[in-house]
Number of protein chains: 2
Amino acid sequence: MPATAAASSIDFWFEFASSYSYVAASVIDARAAAAGVAVRWRPFLLGPIFARQGWRDSPFNINPVKGRYMWRDVERRCAALGVPFARPTRFPQHTLLAARVATVAGDEGWGPAFGLAAFRANFAEGCDLGERATVAALIAALGRDPHAVLARAEGEDVKARLRDETARAEALGVFGAPTFTVGDELFWGGDRIDDALDRARGL
Amino acid sequence: MPATAAASSIDFWFEFASSYSYVAASVIDARAAAAGVAVRWRPFLLGPIFARQGWRDSPFNINPVKGRYMWRDVERRCAALGVPFARPTRFPQHTLLAARVATVAGDEGWGPAFGLAAFRANFAEGCDLGERATVAALIAALGRDPHAVLARAEGEDVKARLRDETARAEALGVFGAPTFTVGDELFWGGDRIDDALDRARGL
């Protein structure tokens, strides 16, 4: 593999409450692998960023017309991609604990596996990520010890790291999810995965 | 041409103040022609729809972080597509008169030509569509009589038609531009042109 290809990578900024992040999470690794690009899964919290925009809820709830479109759109995109989907009864879900666990998982090399499992729980399996038992079950299903992982996830260093990552996303100009970054270059939305991959490959 | 191809068409809902509508307007006819799909250019006004969402300005001005992304994104998309682009000094521009002229032009078979010219004036040529002289010059450059066209554009029937079209867009669930519709099915954003064309072709 040429050195440039080995060096190329994108950062995938995601929020577990974000429906379009789910769609992107379902396809990003395969698409990136086909392009010879590495993916860094970077959980962050959209809540604080939305709050600075004056939003205390998902923009898809604040604007029900846009919300109606989003659910129809996510449904048909999932159908087209062969990705399982069931509209969650609760939206958005409380994703703080899941994002902390994803931070731990990222450190330990099981970030994408946990990420995808958590997204599926939210957007395909009718679970509520806001419930501790849901997150614990996801950890156990991946062959990890929920008690130990949750203890690490709620340690001060992981809490601080997730806050720092959210601040880093904001500093990069992230205002929604999913966002892909290649250096300082941002690509917002799952429709732009290929543009981000092209950028990472220097195309 | 098979009957199904002849019957397939999409509606292209656009607003002259919308930067992403400009990008879409620059590519839609060629892309649709390649797909064997007819395009109906449908000018409407985003202002009244945004006002109902509580916005009195472009969301890209209300949220400067999102705005900064948008300008960078439009610039690089135009570069990739070979579409001329120069960031307008005034954004958004007052597009009521241009939209009324586009309504007349649509009736008379020169809708896309005027539409593209007006978009270019705004987003590539440093003109202000809010100035009557700009709109008149665009009409003249297309070999039409500005005085006669502007008189028709400001007739009560055309004013009412544009209001009706805006109401129709809103009834369809349009909340931004560009939006493509195929029957009741909406596709929001220029990234979704191919999805809309596929839908029109029954794919």
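Analyst: Two strands are said to pair if DSSP finds at least two bridges between them, strands (E, at least two residues) and helices (H or I, at least four) being DSSP runs numbered from the N terminus. In this predicted model, local features need pLDDT of at least 70 and side-chain atom pairs count only at pLDDT 80 or more, while totals for chains, interfaces and linings use all residues. Residues are numbered from 1 along each chain as its sequence is written, chains are lettered from A and ligands numbered from 1 in the order in which they are written, and side-chain values use heavy atoms, with hydrogens and water left out.

User: What makes strand 1 and strand 2 of chain A a pair?

Analyst: Six bridges join strand 1 (residues 9-14) of chain A to strand 2 of chain A, and the two run parallel. Pairing asks for at least two bridges, so the six found here satisfy the definition. Within this pair, A:Ile10 stands opposite A:Val39 of strand 2.

User: Why are strand 2 and strand 4 of chain A placed at the edges?

Analyst: The four strands of chain A form an open sheet in the order 2-1-3-4, with mixed pairing. Strand 2 (38-43) and strand 4 (185-188) of chain A each have a single partner strand, so one side of each is left without a neighbour in the sheet.

User: What makes strand 1 and strand 3 of chain B antiparallel partners?

Analyst: Strand 1 (residues 9-14) and strand 3 (residues 179-182) of chain B pair in the antiparallel sense over three bridges, and B:Phe12 has B:Phe180 of strand 3 as its bridge partner. Helix 11 (residues 193-200) of chain B packs on this sheet and touches strand 1, strand 3 and strand 4 of chain B, contact meaning heavy atoms within 4.5 Å.

User: Why is the relation between chain A and chain B called that of a two-fold axis?

Analyst: Copies are superposed by least squares on the C-alpha atoms of residues with pLDDT of at least 70 in both. A turn of 180° with a shift of 0.0 Å along the axis lays chain A on chain B with an RMSD of 0.0 Å, and that is the relation of a two-fold axis. In chain A, the C-alpha nearest the axis belongs to A:Asp191, 3.2 Å from it. Both copies use the same surface, since 100% of the contact residues of chain A recur in chain B.

Key:
Axes fitted to C-alpha atoms, helices over the stretch in contact; angles between N-to-C directions.
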